[in-house]
Amino acid sequence: MAAEDQPNPMEEFLRQFGITPGPDGTFDLNQLMGPLQQAMQQFSRQMSAAGTGTGDGLNWTLIKDIARKVTASSGPDPSPAASEAVAIRDTVGLAELWLDEHTSFGRTSASAATWSRAEWVEATIGTWEQLAGSVSNSLAAAVGSLLQRAEPEAAAMVQMMEPMMRMAAAGMLSAQVGQGIGRLATEVLSGSDLGFPLTPKPVVALLPTNISHFAEGLDVPLADVRLYLALREAARQRLFANVAWLGPQMLALIEHYARGISIDPSAFEEAMEAQMQGGLTPEKMEEFGQQMAGRIFQPALSEEQVEILGRLETLVANVEGWVDDVVSQATANLMPSADALLEMVRRRRASAGASESALKTLLNLELRPRRVRDAANVWAAVRSAKGVDERDAVWSHPDLVPTGADLDDPLGFAAHGHVAEQTAAELDDLDAALARLIEEERGGEGPRAD
């Protein structure tokens, strides 16, 4: 079909409200003002009733509602019983005791938490809002591009309908993001199971429903599975609580990555045209958001996004590799099933599956920290060569943490650190030399206020 023969999406949208061009192909705005205003008022009332808000941004009330629906549709999600909370509190207490001897990082101050899937959604929604909110910029650009395709004769009408179009697009994309968060809630085993922090403050939280599903088919007692996962979660939260730069840097990388997301024009237009058929309602937006989940983001990543993703994957690999080493040491003489459980965790991480798919739906993010085993070897080499305190001291500054190149040479890193560490020291020497030179030029007066 030639480009001039293809239906105009704006014209198709207007037809839903009885608005059609005259024989000459132009619109009589005066005659159509009444029906158009009536349609917009009705649509706005529907959006307000659904809590979808207005503007270009994603609607987080709608997102949370959809995420809760997804968790509910995935099977029973009871609030943890008091007995479960007690069991997990005792399990976390034992895990913390085991970890005390194998890391220099102290415990978190928060009490252990026992969450249902819905409670995980509630506890993490603020962080997802921070990370995915940047997608609204791409959404606004996509809507603007679609509106520009309207015929010049309909410019005034398009201007009137623009808020409705933006609300419809935001509702659709919000439904997609809600789907991603809901699917993650059915997969995660603990609060930071994805390898980065999702709560404002560190808290050791476990999801007993998901842990029970994970333990099915394993030839390991559920109590051992729960303790092993508690050890991993407690170790992660100690790391995030004691290394002030780590969590914020990981979230900043994800947020920066999300700002670069582009929306596929053809897929977005297809979704909008589908919504136009039969009128717009919050229910239709949710339905098409689910159908288009993971399809409206541009598949190709920018060079900057590829670079950010590489840095993020290395950081996640370092976090999980450090956890592997700490927990392996803590369980060495106390838990015979630890090696088998570590292998199961690694297989789960490698297969990704639903978690990776959900992150792609959420942020077009395919997070695959492939080098966790290599990172674990690096941390083990540092511990073996210099001890636990020196291993954990590597986290004191982001310039000291192993890079991708360091993961290829665990023994070399344990002995010498990496090039960035040496470069940082050289830069410090240069800064000091420049400061002395400036002071000498000023006659030893010291730094000036300017």
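This is a short tour of a predicted model, with suggestions on what to select at each stop.

**The whole chain**

Start with everything shown as a cartoon. The protein chain has 19 helices and 2 strands. Now colour by burial: of the 450 residues in the chain, 48% are buried. If you display contacts between residues at least 6 apart in sequence, 82% of them join residues at least 24 apart.

**Stop 1: helix α8**

Select residues 208-215, which make up helix α8. How many of its 8 residues are buried? The count is 6, and α8 is mostly covered. To see them, show Pro208, Thr209, Asn210, Ile211, Phe214 and Ala215, the buried residues of α8. Then step on to Gly217, which follows α8 and has a positive phi, near 85°.

**Stop 2: α9 against α14**

Next, select helix α9 (residues 222-242) together with α14, which spans residues 338-351. Their axes lie 11 Å apart, and the two helices pack at an angle of about 65°. The two helices are therefore roughly perpendicular to each other. Look at the handedness too: α9 passes α14 in a right-handed crossing.

Turn on side chains for the contact. From α9, show Asp224, Val225, Tyr228, Leu229 and Arg232; from α14, show Ala338, Leu341, Leu342, Val345 and Arg349. By class, this contact has 7 nonpolar and 3 charged residues, with no polar ones. While the side chains are on screen, a reminder may help: an α-helix has 3.6 residues a turn, so residues three or four places apart point the same way.

**Stop 3: α13 against α14**

Keep α14 on screen and add helix α13, residues 303-331. How are α13 and α14 oriented, roughly parallel or roughly antiparallel? Their axes come within 10 Å and cross at roughly 165°. Angles over 145 degrees count as roughly antiparallel, and α13 and α14 are therefore roughly antiparallel to each other. The crossing of α13 past α14 is right-handed.

For the contact, select Glu320, Asp324, Ser328 and Thr331 in α13, which meet Ala338, Leu342, Arg346 and Arg349 in α14. Sorted by class, the residues here are 4 charged, 2 polar and 2 nonpolar.

**Stop 4: the aromatic rings**

Hide the helix side chains and show aromatic rings instead. The structure holds 4 aromatic pairs. Zoom in on Trp379 and Trp395, a stacked pair with ring centres 5.0 Å apart and 15° between the planes. Trp379 sits in helix α16 (residues 372-386), while Trp395 is in the loop between α17 (388-393) and α18 (410-416), so this pair ties together parts that are 16 residues apart in sequence.

Switch on the surface and check both rings' residues. Trp379, at 0% relative accessibility, counts as buried, and Trp395 counts as buried at 1%. Now add Trp245: ring pairs link Trp245, Trp379 and Trp395 into a cluster.

**Last stop: Asn364**

Finally, select Asn364, in the loop between α15 (354-363) and α16. Which sign does the phi of Asn364 have, positive or negative? The value is positive, near 55°, in a residue other than glycine. For context, most residues other than glycine have a negative phi. Asn364 also counts as buried, at 6% relative accessibility.

Methods
Residues numbered from 1 in each chain as written. Predicted model: local features only at pLDDT ≥ 70, side-chain atom pairs only at ≥ 80, totals over all residues. Heavy atoms only, no water. Axes fitted to C-alpha atoms, helices over the stretch in contact; angles between N-to-C directions. Helix = DSSP H or I, 4+ residues; strand = E, 2+ residues; numbered from the N terminus. Parallel < 35°, antiparallel > 145°, perpendicular 65-115°, else oblique. Left-handed = near helix turned anticlockwise from the far one by under 90°. Contact = heavy atoms within 4.5 Å. Nonpolar A, V, L, I, M, F, W, Y, C, P; charged D, E, K, R; others polar. Phe/Tyr/Trp six-rings, centres within 6.5 Å; stacked < 30°, edge-to-face > 60°. Buried < 20%, exposed > 50% of the residue type's maximum accessible area, 1.4 Å probe, protein only.
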